[in-house]
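Biologist: I should like to go through the terms used for this structure and see each one justified. Please set every value against its definition.

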Amino acid sequence: MLSPEATDGPAAATPAQPADSSGARWRRLPRSPLLWWLCTRLVLVGVALAGAGGATDEVHALYPKWAAELAHGHFPLHDSQWQYPPVAGLVFLAPRALPFLPYASAFALLMLGCDAAVAALLHRASRGPGRSSHGLWLWVLGLPLLLQLPYIRFDVAVTALAVGAVLLLDRRPAAAGTLAALGALIKAWPVLALIGAPRGRATRRSWVSAALSAAVAAGAVALAFRHALGFLGEQGARGLEIESLPGSLLLVARRLGYRGTVGYRYGSFQIGGPHVHGLATAVLLLTVAGFGWLLWWRLRARVWHPATAADAALTAMLVFVTTSRVISPQYLVWLLGLGAVCLAFRDSSQRRTALALLPVTALTTLVYPVLWLPLLHGGALAELVLLLRNTALLALTLHSARALHRSTSAPD
């Protein structure tokens, strides 16, 4: 702000201009999202490298074991925790390219690089008419709410591919299809990035490119490694995880007499007891119904906005997450990434949904790791927080679908 003397006239303002301009630049620095990204990530990567807080067994024990098996030319065999498509193996192998670092440290630095790639994509997307830096801010401030979790899991790498695919759909649909295919071969969900491709050339080129890229990449990995499709049996055998929507309901139902037990199976804590199999089947049917609605929406949509591809991707991701048998905390990384892409467009129909992901992410961190042990031992507060988080996810999914439909409907 100019001093009172500087506002009296041009002559007074001239000598004060250099100092004031410098001061204004200094005051703008803390408001730079990239500066905030640097500060927060230095803290997060430091925590991840120190191995402090939360459970880090996967990155310290499980992932290096998988990497060692992959280095011998085969995927993990008869391992119930290996449930990932074949290109995921390359992610676990990548830290071995830095042999001078411990595996966990190299892995964290790899995820930091992927985090930086997302930030760079969002920064580029924020420039131009009709664009906003709010998406970059959501990513910068939202990811630290998960503490060090993004750097000890590999979901940031998949999110970077999905974010790139959504942002390229309009201008370079073939490249978008390739990125979505690579992401889908790491964790299946990035294929959802193509659900909102503009009709016509963009849809044809992106989907054809995705199919061809997936076939080539999967074939190359299958030739280089044995047992590339072994993950299919383990994925199908998963049960109902306690963090899922029906799982949280059953945890609460135990207080009303439901005879349910919690046990560790297939890499997650699952609930067992009467009607669990039926509920797991019902959840799968809800997923199918959700994707049926998405196809119905695409056929009925009449108006396409610059933000429609991003909006549709976020809605599809919310459907996938909310109806999943497993709602792991790292799933919020996916939602934050796609929500950030939506906020890069000023005309997005998902602004409220994307911003609401911040408190949902905070609730997720309260569940894991803060209240995780009490949750496993039947703590009432932990169960209440989990139920609140899942209720919020369900409400956001319904609101997101309604907003997407209204934004693409023809005006009356």
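## Terms and their grounds

Biologist: Does R41 count as buried or exposed, and on what value?

Modeller: R41 counts as buried because its relative accessibility is 1%, and buried means under 20% relative accessible area (exposed is over 50%, partly exposed lies in between; 1.4 Å probe, protein chains only). The model is predicted, so local features need pLDDT of at least 70 and side-chain atom pairs count only at pLDDT 80 or more, whereas totals for chains, interfaces and linings use all residues. Residues are numbered from 1 along each chain as its sequence is written, and side-chain values use heavy atoms, with hydrogens and water left out.

Biologist: What makes the pair R41 and D115 a salt bridge?

Modeller: The closest N and O atoms of R41 and D115 are 2.6 Å apart, and a salt bridge requires a side-chain nitrogen of Lys or Arg within 4 Å of a carboxyl oxygen of Asp or Glu. R41 lies in helix α2 (residues 33-50) and D115 in helix α5 (residues 103-125), so the bridge ties together parts 74 residues apart in sequence. Helices (H or I, at least four residues) and strands (E, at least two) are DSSP runs, numbered from the N terminus. D115 is buried as well, with a relative accessible area of 0%.

Biologist: How many salt bridges does this rule give?

Modeller: The count comes to six. One of them joins R255 to E383, with 2.9 Å from N to O. R255 lies in the loop between α12 (245-253) and β1 (261-265), and E383 in helix α18 (residues 380-408), so this pair ties together parts 128 residues apart in sequence. R254, R255 and E383 are linked in a network of salt bridges.

Biologist: Why is R255 not described in the same way as E383?

Modeller: R255 has 47% relative accessibility and therefore counts as partly exposed, whereas E383, at 4%, is buried.

Biologist: How are α13 and α18 oriented, and what angle supports this?

Modeller: The axes of helix α13 (residues 276-300) and α18 come within 10 Å and cross at roughly 15°. That makes α13 roughly parallel to α18, because angles under 35 degrees count as roughly parallel, over 145 as roughly antiparallel, 65 to 115 as roughly perpendicular and the rest as oblique. Axes are lines fitted to C-alpha atoms, for helices over the stretch in contact, and angles run from 0 to 180 degrees between N-to-C directions.
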